[in-house]
Amino acid sequence: MSRKNSSSSSSSSSGAGGGKKEKPLSVSAMLASMDGPAPNARPSKAASKPKPSKQPASSYVDDIDLPPSDEEEDEADVAAITAKPKSSRATVDLNALAPSDKDSKKKDKRESMAAAAAEAAKREALRDDRDAFSVVIGARVPGSAGAVDGDAADGNIKDIVLENFSVSARGKELLKSASLRISHGRRYGLVGPNGMGKSTLLKLLAWRQVPVPKNIDVLLVEQEIVGDDRSATEAVVAANEELTALRAEQVKLEASDDPDDNEKLAEIYEKLNLCDSDAARARAAKILAGLGFDQAMQARSTKSFSGGWRMRISLARALFMQPTLLLLDEPTNHLDLRAVLWLEQYLCSQWKKTLIVVSHDRDFLNTVCNDIIHLHDKSLHVYRGNFDDFESGYEQKRKEMNKKFEVYEKQMKAARKTGSKAAQDKVKGQALSKAHKEVAKGKGKGKNVANDDDSVKPADLPQKWLDYKVEFHFPEPTLLTPPLLQLIDVGFSYPGRPDFKLSDVDVGIDMGTRVAIVGPNGAGKSTLLNLLAGDLTPGDGEARRSQKLRIGRYSQHFVDLLTMEENAVQYLLRLHPDQEGMSKAEAVRAKLGKFGLPGHNHLTPIVKLSGGQKARVVFTSISMSHPHILLLDEPTNHLDMQSIDALADALDEFTGGVVLVSHDSRLISRVCDDEQKSQIWVVEDGTVNKYDGSFEDYKDELMAEIKKEVEE
């Protein structure tokens, strides 16, 4: 009974398995089978069989990555879970015999061809993306006859000034007559609701479809590095193409017997010295270590890493290269808590150039950014200070704008009662005149978005600011007699993985319990969640669950397992057919609306929904299952700030138990703010220990360690 409810409350194994026959298979088995091969083991045939059910690469998964917490454990779960019926066969597969030289060459050739095909597909997708955007600057299109773009600008300019530009994507207007000044050396946070154009603006800057001075090199980190035989460290150092070319020339000249090459070799040595060649590898290793790569991982080939880890390598390459303008799109989605804190410290203390980052992590924006760019109502507004300063300034501005609108509406209402068009025109004229004066005054004081620019967005009549709001709610669970869930002296290891083992795990969860699971990647956080959910069976000890316990489970894997051909209403009705009211479909749509999925997306095939929209479908399903305990693995990925705040509020009012793995320290602080009922479980060194202190204490300890590393 408990297992059945646990499965339905997450996201239904039947939705991913492709039919009722697959229902007995564990959800975790299917979700784990979608990962790449385990880093330290050759993938078995048993583990690779479910892969055909994985959706083909297309636009709806382009920006989706697996959650960063314990990715390698998830890959090992395939072997552990699928090995249950035929353990001996699985063990043989996991310890496959070493291939012959001929097989190895064939394998390398296949992998090389696959990597080349993947790279070609990415280039093709990127080309199509560029064609989808339309940019108009003033009354011209960049690149048109008579246009003077950033490439023709003064080579000494370090600021980027965008004046009166509009952007559309496939006919949808994202920015209208917007202006922006990007000042050299500032660290900007770009915020606003999902789907409004934040990522688009980063791409346009990287593609130079808006004016960017030719001397400013721009780097956007948006895709993981293509895996090959190079080590992680070599891949990072290779990002410096000049240094790579010089070293290749050095090897060539040193092997030459021609005396005339000695002079050329001396020049190469001098250039290498100017590039600080000797320190390059050490600097690359230091950056990789900060992002979670130990020495053994730094020496591993990039093709052995999963997508999330290769994304970290891409980020390391960008930090190593130090471009004049660095653009980061949701960088914390691919990091664990410690790596996020390291990146915060590194950017604050080491980054002296310009940065624009899109992030939903409030603490990250507060720590890193000294300016906030707010995309609102198709315009760009710059606020000085960090995210907290922005919120304060935005709220004040919102109140002022709504107050002006109320005054204007009151005057217009009175004018309409007179029946005089002249009276109404007079009110409009006075309002427009006042708006023009305020715009001119703001420009004179340097308060305009573009500060010193001559471009000023035309004044308009007062309008009400319609803020985007969303609310999450989980229903009140029925009371169960404790203990609800316990792991007693549990031990667990994966077949064929002698490097990994959990021992002496003794933890429990009851109604009202709040737990944050922390620890380095690969230590066992996801394995612990699978043991709690019942998707893994302990090798030692005992797992006890209340007979009536229902578990609601969220992870990116469950989002990926949604039935793509169904729409959200069909999917939820199939999982939860017992709905009250005259219309079951309308009841489901009401629930989807509460979790922030727009009405026009309710009947859209799930395959066409964004990552954030799919996440809302999964959260709705969890709510409809009436869980007693929530197990949440990186729930903030693909959620905007308003949705994360709504999730935090919902968890705060939820009276059941909550177990959370997250890189978002603010969400952890919200969930674990009551020290009496909160626990911090630290997974490291093969066991789980309860931290003696609050989450803030744990975070302070990490920060002290990280500061020493960065400053060394």
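This passage walks through several sheets, strands and helices of a predicted model.

A good place to begin is an open sheet of three strands, arranged in the order β1-β2-β3 with antiparallel pairing. The edges of this sheet are taken by β1 (133-137) and β3 (172-182); each has a single partner strand, so one side of each is left without a neighbour in the sheet. From one strand to the next, the twist averages 25 degrees. Within the sheet, β1 is joined by five bridges to β2 (residues 160-169), and the two run antiparallel. A handy landmark for finding this pairing in the structure is Ile137, which stands opposite Phe165 in β2.

Further along the chain, helix α8 covers residues 198-207, and eight of its 10 residues are buried, so α8 is largely enclosed by the rest of the structure. The buried residues of α8 are Lys198, Thr200, Leu201, Leu202, Lys203, Leu204, Leu205 and Trp207. Following α8 comes Arg208, with a positive phi near 60 degrees.

A second open sheet also deserves a visit. Its three strands follow the order β11-β10-β13, and their pairing is antiparallel. Here β11 (501-509) and β13 (540-545) stand at the edges; because each has a single partner strand, one side of each is left without a neighbour in the sheet. Neighbouring strands of this sheet are turned against each other by 20 degrees on average, with direction ignored. Strand β10 (residues 485-493) and β13 run antiparallel and are joined by five bridges. One position to look for in this pairing is Gly491, whose bridge partner in β13 is Asp540. Helix α19 packs on the sheet and touches β10, β11 and β13, while its direction makes about 130 degrees with that of β10.

Helix α19 itself spans residues 525-533 and is mostly covered, with nine of its nine residues buried. These are Lys525, Ser526, Thr527, Leu528, Leu529, Asn530, Leu531, Leu532 and Ala533. Just after α19 sits Gly534, which takes a positive phi of about 90 degrees.

Attention now turns to strand β17, which runs from residue 678 to 684. Five of the seven residues of β17 are buried, so this strand is largely enclosed by the rest of the structure. Two pairings of β17 can be followed here. With strand β12 (residues 514-518), β17 runs parallel, and five bridges join the two; in this pairing Ala516 stands opposite Ile680 in β17. With strand β18 (residues 687-690), β17 pairs in the antiparallel sense over four bridges, and Val683 stands opposite Val688 in β18. The strands β17 and β18 form a hairpin with two residues between them, where Asp685 takes a positive phi near 55 degrees. As background for viewing any of these sheets, side chains in a regular strand alternate between the two faces of the sheet.

Two helix pairs complete the picture. In one of them, the axes of helix α21 (residues 568-575) and helix α22 (residues 584-594) come within 10 Å and cross at roughly 110 degrees. This angle makes α21 roughly perpendicular to α22. On the α21 side, the contact is made by Ala568, Val569, Leu572 and Leu573, which meet Lys584, Ala585, Val588, Arg589 and Leu592 in α22. Sorted by class, the residues of this contact divide into seven nonpolar, no polar and two charged.

The other pair consists of helix α15 (residues 337-350) and helix α26 (residues 695-711), whose axes come within 9 Å and cross at roughly 50 degrees. That angle makes α15 oblique to α26, and the crossing of the two is right-handed. The contact draws on Leu337, Arg338, Leu341, Trp342, Gln345, Tyr346, Ser349 and Gln350 in α15. Their counterparts in α26 are Phe695, Tyr698, Lys699, Leu702, Met703, Glu705, Ile706, Lys707, Glu709 and Val710. By class, the contact of α15 with α26 has 10 nonpolar, three polar and five charged residues.

Terms used:
Residues numbered from 1 in each chain as written. Predicted model: local features only at pLDDT ≥ 70, side-chain atom pairs only at ≥ 80, totals over all residues. Heavy atoms only, no water. Pairing = 2+ DSSP bridges. Axes fitted to C-alpha atoms, helices over the stretch in contact; angles between N-to-C directions. Parallel < 35°, antiparallel > 145°, perpendicular 65-115°, else oblique. Left-handed = near helix turned anticlockwise from the far one by under 90°. Contact = heavy atoms within 4.5 Å. Nonpolar A, V, L, I, M, F, W, Y, C, P; charged D, E, K, R; others polar. Buried < 20%, exposed > 50% of the residue type's maximum accessible area, 1.4 Å probe, protein only.
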